[in-house]
Amino acid sequence: MTDILETATDGTLEESRSRGRRSWWQRLRADRTGMIGLVLVVVVVLAAVLAPLIAPYDPNQQFSNGLSEFGMPRAPDGTYLLGTDLLGRDLLSRILFGARVSLVIGLVANGVAVAIGAAVGVVAGYFRGWLGTVLMRFTDVMTAFPALVLAIALAAILRPSLWIVALVIAMVNWVYVARAIYAQVLAVREQQYIEATTALGVPTLGVLVRHILPQLSLSLLVFATLGISTSVLLEASLSYLGVGVQPPTPSWGGIINASQSYLTTAPWLVLFPGLAIILTSVGFNLFGEALRDALDVGGRR
Amino acid sequence: MTAYVLRRLLQGLGAILGVITVTFILTYIVPVNPAQMIAGPSATPEVVQRIGHQLGLDQPLPVRYVHYLWSLVHFDLGRSYAQRTLVSQLVATHLPVTLKLMLTGIACELLLGIPIGILSSVAQGGWWDRGFTLVAFVGVSTPQFVVGLILLYLFGYLVPWFPLGGYGNGSLVHYVLPALSVGFAGAGWYARVLRSSLIDVLRQDYLRTARAKGVRPRAQVLRHALRNAMLPVIALVGLDLGVFMGGVIVVEQVFALPGLGQMMWQAIQVLDIPVIMGGVLMTAIFVVLGNLIADMVYPLLDPRIQYH
């Protein structure tokens, strides 16, 4: 009886009724900034997928006319739309191909992070007890490590490659997912239908996979979107420090790393890859937040 | 209250022990033989084995763990492979720079974030407010090193107000652009948090009373509302320290500041594991300590909170 009273007074019933008139899809469509985010995401995804078709040149080819007579990079002009880099390669082509690196790492790293975080959060939240305590204490300890610092150390020691970098980013990012999912599972497991399924003799694994995971799917979807931005930023910082994806593979952070000493003479070499990073990150952030609001689930900042 | 402080200190100690344990495990699962690194690539197996014995590498893992803890209690972080100096000495020379950048960065976050937050809450929904929202959003989505390079180009080169990187004699002028770079995202973010918490606080009864008894608007916000509205910001500064620390490490690289980040970066080039791990450990301990300080400041600002 008190349960019913509590539900009725905290306003969730009324709220969900008024929200119910529009589907989450309609709410998402109506979110203007969210749609701007979606457009940015689509542009980046298209750039990555279509890079071999739309890139004007081979990203790794060094052109003899790509450097000025003083051996300097060429400023943006009609031939090289965004200019050339230190080795006379076309910057636009390198940025387009760099989108592949960023997106692959962003998607893989964040996917793995969400999977690990969800597994840890669900197990710790459902079983609680000593197992839950150990898992969550471990999660707490891992959050004390500055993500970037830990990633630098790991990437440096493990010798960076595309997959290692993705894995390293996943290793430092899962903790945020684990914490949020843990808190949610604690609430979900107290609901009566879980008690009912347990009473009916559904095996534990079945309860976890068939009854608890679906409750978390929306949050996980939001994490899967918002976290891409974090992963892309982390990859850019690692590549900038030289412990990310190694040259000649074009990556945005790597391009900036290579051309930092030319900042005053060839600022476009820093500006354009920097813009690519910012637009990608803004896109996933805007879209992710709109998705969170539309689906009405909590999530991290 | 004393019990609360004691318990938090104990928890902090536990967290530091956890951080040390994880660092220990990381050090020993890396595919590098420390004895080989010290002896050099051309050393005979006997020499490598002797050095390994000196380092205690032939002892069982628990014994090594206790040794590791014991040396850490004496501030002994091991010896650098490359420079043959003590890691603790390296840390001691690089730490002040990182600390200064941290403090000036947090100062930037708050000095920019608080006024902007107040302005946006007062001018809610106006053009100022919207403009700041956009800047804050872009700030959170921009890596610190890109902010740093843009600032460096604008205010180091185009308008040469500040040095083009480097440390010089370590005067404050070398810290302005780096501090802005690490603080930019946080300033925007905290301005947003403060804005929404101020809007909530301004609706509360005690502010209606303040208005009713004729407190001027400026005093309503600054004297009565701000103190309460700051609480979530303080909590967040503590929570975000880990992310912030990462930014500090990268920005040191942009501006060539000789802090822990540069120490680690140089160590990475030669795979100097003790120095890398020393840097990881120090930054993690800093985050734990920072969280602890935030938790201690919190009750001073809000005496209503009950401590269990």
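How many residues does the contact take from chain A, and how many from chain B? Okay, so it takes 33 residues from chain A and 35 residues from chain B. Keep in mind, everyone, that what we're looking at is a predicted model.

Let's look at chain A's side first. The elements giving two or more residues to the side that touches chain B are α6, α7 (147-158), α10 (204-240) and α12 (268-295) of chain A. The largest share comes from α7(A), with eight residues. And if you sort that side of chain A by class, you get 23 nonpolar, eight polar and two charged residues.

Now zoom in on one pair of helices. Helix α6 of chain A, residues 129-144, meets helix α1 of chain B, residues 2-29: their axes come within 9 Å and cross at roughly 80 degrees. Angles from 65 to 115 count as roughly perpendicular, so that's what we call α6(A) and α1(B). Who's touching whom? From α6(A) we have Arg137(A), Asp140(A), Val141(A) and Ala144(A), and from α1(B) there's Ala15(B), Gly18(B), Val19(B) and Val22(B). By class, that's five nonpolar, one polar and two charged residues.

Hang on to α1(B), since we'll meet that helix again inside chain B. Chain B is divided into domain 1 (2-73) and domain 2 (87-301), and their C-alpha centres lie 33 Å apart. Still, 13 residues of domain 1 of chain B are in contact with 11 residues of domain 2 of chain B. On the domain 1 side, α1(B) gives the largest share, 10 residues. That side of domain 1 has nine nonpolar, three polar and one charged residues.

Methods:
Residues are numbered from 1 along each chain as its sequence is written. Chains are lettered from A and ligands numbered from 1 in the order in which they are written. This is a predicted model: local features need pLDDT of at least 70, side-chain atom pairs count only at pLDDT 80 or more; totals for chains, interfaces and linings use all residues. Axes are lines fitted to C-alpha atoms, for helices over the stretch in contact, and angles run from 0 to 180 degrees between N-to-C directions. Helices (H or I, at least four residues) and strands (E, at least two) are DSSP runs, numbered from the N terminus. Angles under 35 degrees count as roughly parallel, over 145 as roughly antiparallel, 65 to 115 as roughly perpendicular and the rest as oblique. Two residues are in contact if their C-beta atoms, placed from the backbone, lie within 7 Å. Ala, Val, Leu, Ile, Met, Phe, Trp, Tyr, Cys and Pro count as nonpolar, Asp, Glu, Lys and Arg as charged, and the others, Gly among them, as polar. Domain bounds come from an automatic or database domain assignment.
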